Structures are given as structure tokens and as C-alpha cells.
Amino acid sequence: MKYTNPVIRGFYPDPSVCKADDGYFYLVCSSFQFFPGLPLFRSRNLVDWEQIGHCITRRSQLDLTGVEASGGLFAPTIRYNKGRFYVVVTNTSGDGNFYVYTDDINGEWSEPVSVDRGGIDPSLLFDGDKVYFMSNGEDDDGEHGVSLCEIDIDTGKVLSRCKCISKGSGGRFIEAPHLYHIGEWYYLLAAEGGTEYGHMECMFRSREPFGPYEGCHHNPILTNRNLGGYTVQGAGHADIVQDDDGQWWMVNLAFRQIHMWRPFHHLGREVFLEPVFFDDDGWLRVGSDGTCRLGYALENGVCTAVEAGEYPKQRWEIDKKEACFIRCPDYGNYRFDGNTVELKGTANKLNSRDNVTFVGMRQREFECTAEVETEGVAEGMRCGITAYMNEGNHYDLVAERSRDGCTVTGIINVGGVPIVMDTVRVDEIRLKIDADALYYRLWAYCGGQWVCLAGMESKYLSSEVCEGFTGVIIGLFCEDGNGGTAKFTVR
Ligand code: 6LW
């Protein structure tokens, strides 16, 4: 087989994967301040993924009121045990670690069950009749690292002392621990180095869950930190799974720079896949050489790195199943019908931490076009389309109406500062955002032709500039203290 990475493109960080009895693999990602929380995917072959929903869909499960950008839900883990799916996650802006579960993967998930343990990046190991909970945080003695305890999976109650089982291999920020019981070993995978350019994945093992753990002699087992002039960087935060043929696979996050020599990424951290192999000493070998590549071929158990296939140009559209809202959406303010969306405005502003009326879809490809027609723009309303990183950093086309008619304005928001570019007067409101890896252009249709109202480099929407853990979402928004409704038709 041959495939191209990332297997899930766009802002889908911190992947975790499991296999169920129904022949599917299931995968979840972080969602931070966006709602619904924790996008859920399924796949038969680990390469082609379909988003089937989210694990967090109700306000009763999660209240994101006022949370900061890149707050909220961090780094979930998905596990399957005896017909039930579990997803454990941290609400960094609220009550910390909790899990939800479901017996029907196509249905709703439970209310949260909280686990009274600190740290982030929680994970679970189902091991015989025991269930272990781990996170990167402090143990009962104040020791920092991967800390492990036993829990009662029916109640979330902690049943044992919590013990630090690993401090990693020496890298900073040990994160994303996952424990597996494979053969006679307890294997611990954990990320180190931070989620930026020093990111890596390390491996440890022990005969007993609480240790002592020895480190793999070829740690880190995965990293791109020494791979210069390569667009894929930041590889780490991995989880492994075995397919029906016995082949092991790793999913991990990494990001794609906008250019091989330009260290910026704005599409977020994405999901990559590598075949992995246990060597004669019982340690994992990842991919072709322990780096994370854009393409792989796996033939007769031998893995080689190959060129990536073509990436399609994204024609942006709204799909209700994948759509994201900011913080605590009031679903009464949205109406979806085919390729039209109606947005009822409120006084909440796109540049604030409030629940602005906004619906977006991730930008998944560098090359992307988003085009909409807009009706119903009323006096006092501000509505339009935006390439949105967070409340301080986004590139907008804003439609407004005055007594003299409608206008469209291109506005570049960088570092919380709105820079007003060009304005045109229009008869009909047609808006278009065009992107390639390096540049965004914002257009309005005026006098029978497209007019470029603003252009800006993509790097000002990158994580390196804007900080945080998210990626660009292209969305529609409506601000209107009078509660007017704008209607967008996606072209
Ligand atoms: C997450 C941590 C990380 O908690 O980034 O890449 C943090 N790793 O494990 C947020 O996604």
C-alpha cells in the first residue's frame, strides 16, 4: 500500500486511536474553545477517515463560557473495552480531567464522569479487571512526570496511590502518555520537547504497570527535530493500534510549514500515520527511519518514505457534521438548509471572548477558495466571512448597510488590531476568500468583476505568530444588536 500524509488535514491535533469489534478504527482530536467538542472519526484502513460526529455535544457536558483561545478541551484519549467506548480528556478552563462513554458510537455520549486527579493529557489502560488512569502531572508525593493510578471505571473514583512512573528521557514537557500491555511488557509512549519544533515521541517499558520503567535505547523513536529543509515538523503526541493483519500503526500530530524554508504553520497540527514495527529487542521502529514523512509505501512488511500525492484544492463548504462554533453557541441562532445558512446576529463581537454568532469549517488544504452570497444585511449589522485563527487574529470581509446602500470592507486583524483595508460599494453581496500556502486574498464582487479588497501573508495567522494550539477556520459570522438575520449561500 501507498498513502499520503497528513491522513487528516487541518486543525485536528492530539490524535488518539482505538479499534473496535465492528472492524472500524476510531479517532478523536482536541477542540479547545470550539464547540461541539472532540471531533470523532472512523476508518477501515487508517488512511481514509470520515468524521462521524463529536463526543461533546451538549452544554451539560461542557460550558465554555468566556474561555480563552486555546483553552477548553486538550488532548483526549479514546479506548474501547467490552462494547463500550471511553474518551478521557482535560477541560483546562474548568474542572480538569473527566471521561465520557457510549455503547452506541453513532449516538450520544454520556454526561462527564470526573476523575479527581491533576495533570493534562489523560489516558486509560484497560488491563484485565483493572483500569489505570494516567496523566502528565504530579503524583501523591508531588513528583512531576507521568503519574499513574488505578480507578473505578464506573464512578471515576481513584482506587490507589498515584505514582510518577516516568520523567521521560530528558526532554522538556513530558506529555501525552499512553500505556499498553503487549505480551509481557507494559509499554509507555510519551511525547517530550513541547509541541513545537523540538517535539518527539519516546518509549519506555516495564514488567509491572507501576514500574520501574527503562527507556528505549533508540529514543526518541519519532522526531523531525533534526530534519532540516522539510515541511513537516513538530512530530509527536502519538498513539498506536494494531490492524487485523497484525501490523502496528502509529498516529501522531505534526504540522506542515508554509514552505520548506519558512518556519510558520497556520493550518494547525494535523494527523499523520506511520507503520511501526517491533524490533528483535521488543522496541518500536517508526516508519522508515524514525521521522515523520509526507508519503509512505508499505510492501511485504518493508516501509519506505515516498513522495506525497497531489493535495486537492479545497472548495470550502459548510457540512453540519463537521461545523464548528465558538464557545457556547445558541443553536437557535443558526438555520441550515442545503447550501444556505442563516445567522441571527447578537451584540457579541467576533473580536471578543463572547459567544459570537459564527459557524466555520477548518481550512484543510493550503489551496482553498471560499465563496458566499449574502442577503438580509440590515442597518447596524456587521456580517461576512473570515479566515479565523482566534479573536485577535483573523482576516475578514465585512458587509454592512447604510441609507446609501451596501458596502464590503476587507479588514486584517493581527495581534488584536483591526487594519481596515479597502471598501467598495456593491449592489449584490458576493464575498470570496482565496488562499495558497503563503497568501490570503479577500475579494468582493463589484461592477461586474471581482475586486481584491485585502491581501495578507498566511504567516500572520500562524501558530508561531498568534500562539496557541489551534489552526485556521474559515467561517461566517453575524453581529447585530437588533437580532437581524443574514442569509449566506455557499457557492
Ligand atoms: C497537549 C499536549 C500537546 O495537551 O499540546 O502536542 C497540548 N502536545 O500534549 C495541546 O494540544
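The following exercises, each with a worked solution, introduce the structure shown above.

This is a predicted model, in which local features need pLDDT of at least 70 and side-chain atom pairs count only at pLDDT 80 or more, while totals for chains, interfaces and linings use all residues. Residues are numbered from 1 along each chain as its sequence is written, and side-chain values use heavy atoms, with hydrogens and water left out.

**Exercise 1. Describe the overall form of the protein.**

Step 1. The protein has 1 helix and 40 strands. Helices (H or I, at least four residues) and strands (E, at least two) are DSSP runs, numbered from the N terminus.

Step 2. The radius of gyration is 23 Å, close to the 23 Å that the globule rule gives for 491 residues, so the protein is as compact as a globular protein of that length. The radius is taken over C-alpha atoms, and the rule is 2.2 Å times the number of residues to the power 0.38.

Step 3. The C-alpha trace spans about 75 × 45 × 40 Å along its principal axes.

Step 4. Of the 491 residues, 62% count as buried. Buried means under 20% relative accessible area, exposed over 50%, and partly exposed in between (1.4 Å probe, protein chains only).

Step 5. Among contacts between residues at least 6 apart in sequence, 55% join residues at least 24 apart. A contact means heavy atoms within 4.5 Å.

**Exercise 2. Locate valine 408 in the nonpolar core and list its contacts.**

Step 1. A nonpolar core is a set of buried Ala, Val, Leu, Ile, Met, Phe, Trp, Tyr and Cys residues joined through side-chain atoms within 4.5 Å. The largest nonpolar core has 46 residues, of which Trp316, Ile385, Val408, Tyr440 and Leu476 touch the most other members.

Step 2. Leaving aside neighbours within four places in sequence, the contacts of valine 408 include Leu397, Val398, Val424, Ile429 and Leu453. Asp422 and Thr423 are also among them.

**Exercise 3. Which residues contact glutamate 365, leaving aside those up to four places away in sequence?**

Step 1. Glutamate 365 is placed in the loop between strand 30 (357–362) and strand 31 (368–375).

Step 2. Glutamate 365 counts as buried because its relative accessibility is 8%.

Step 3. With residues up to four places away in sequence not counted, glutamate 365 touches Arg9, Leu267, Tyr311, Pro312 and Gln314.

Step 4. Arginine 9 is 356 residues away along the chain, yet the two C-alpha atoms are separated by 7.0 Å.

**Exercise 4. Examine three salt bridges and the places they link.**

Step 1. A salt bridge is a side-chain nitrogen of Lys or Arg within 4 Å of a carboxyl oxygen of Asp or Glu. The structure holds 25 salt bridges.

Step 2. One of them joins arginine 58 and glutamate 108 (2.6 Å, N to O). This pair links distant parts of the chain, 50 residues apart: arginine 58 is in the loop between strand 6 (50–56) and strand 7 (73–81), and glutamate 108 is in the loop between strand 9 (96–102) and strand 10 (113–114). Together with Glu111, Arg58 and Glu108 are linked in a network of salt bridges.

Step 3. Another joins glutamate 270 and arginine 256 (2.6 Å, N to O). Glutamate 270 lies in strand 22 (residues 270–278) and arginine 256 in strand 21 (residues 248–256), so the pair ties together parts that are 14 residues apart in sequence. Both residues are buried.

Step 4. A further bridge joins arginine 262 and glutamate 457 (3.1 Å, N to O). Arginine 262 lies in the loop between strand 21 and strand 22, and glutamate 457 in strand 38 (residues 449–457), so this pair ties together parts that are 195 residues apart in sequence.

**Exercise 5. Identify special features of the backbone.**

Step 1. A cis peptide bond joins phenylalanine 35 and proline 36, with omega about -5°. Proline 36 lies in the loop between strand 4 (34–35) and strand 5 (37–43).

Step 2. A cis peptide bond also joins glycine 211 and proline 212, where omega is about 10°.

Step 3. Leucine 38 has phi near 60°, a positive value in a residue other than glycine. Leucine 38 is placed in strand 5 and is buried, with a relative accessible area of 0%.

Step 4. Alanine 176, which is not a glycine, has a positive phi of about 50°. Alanine 176 is found in strand 15 (residues 175–182).
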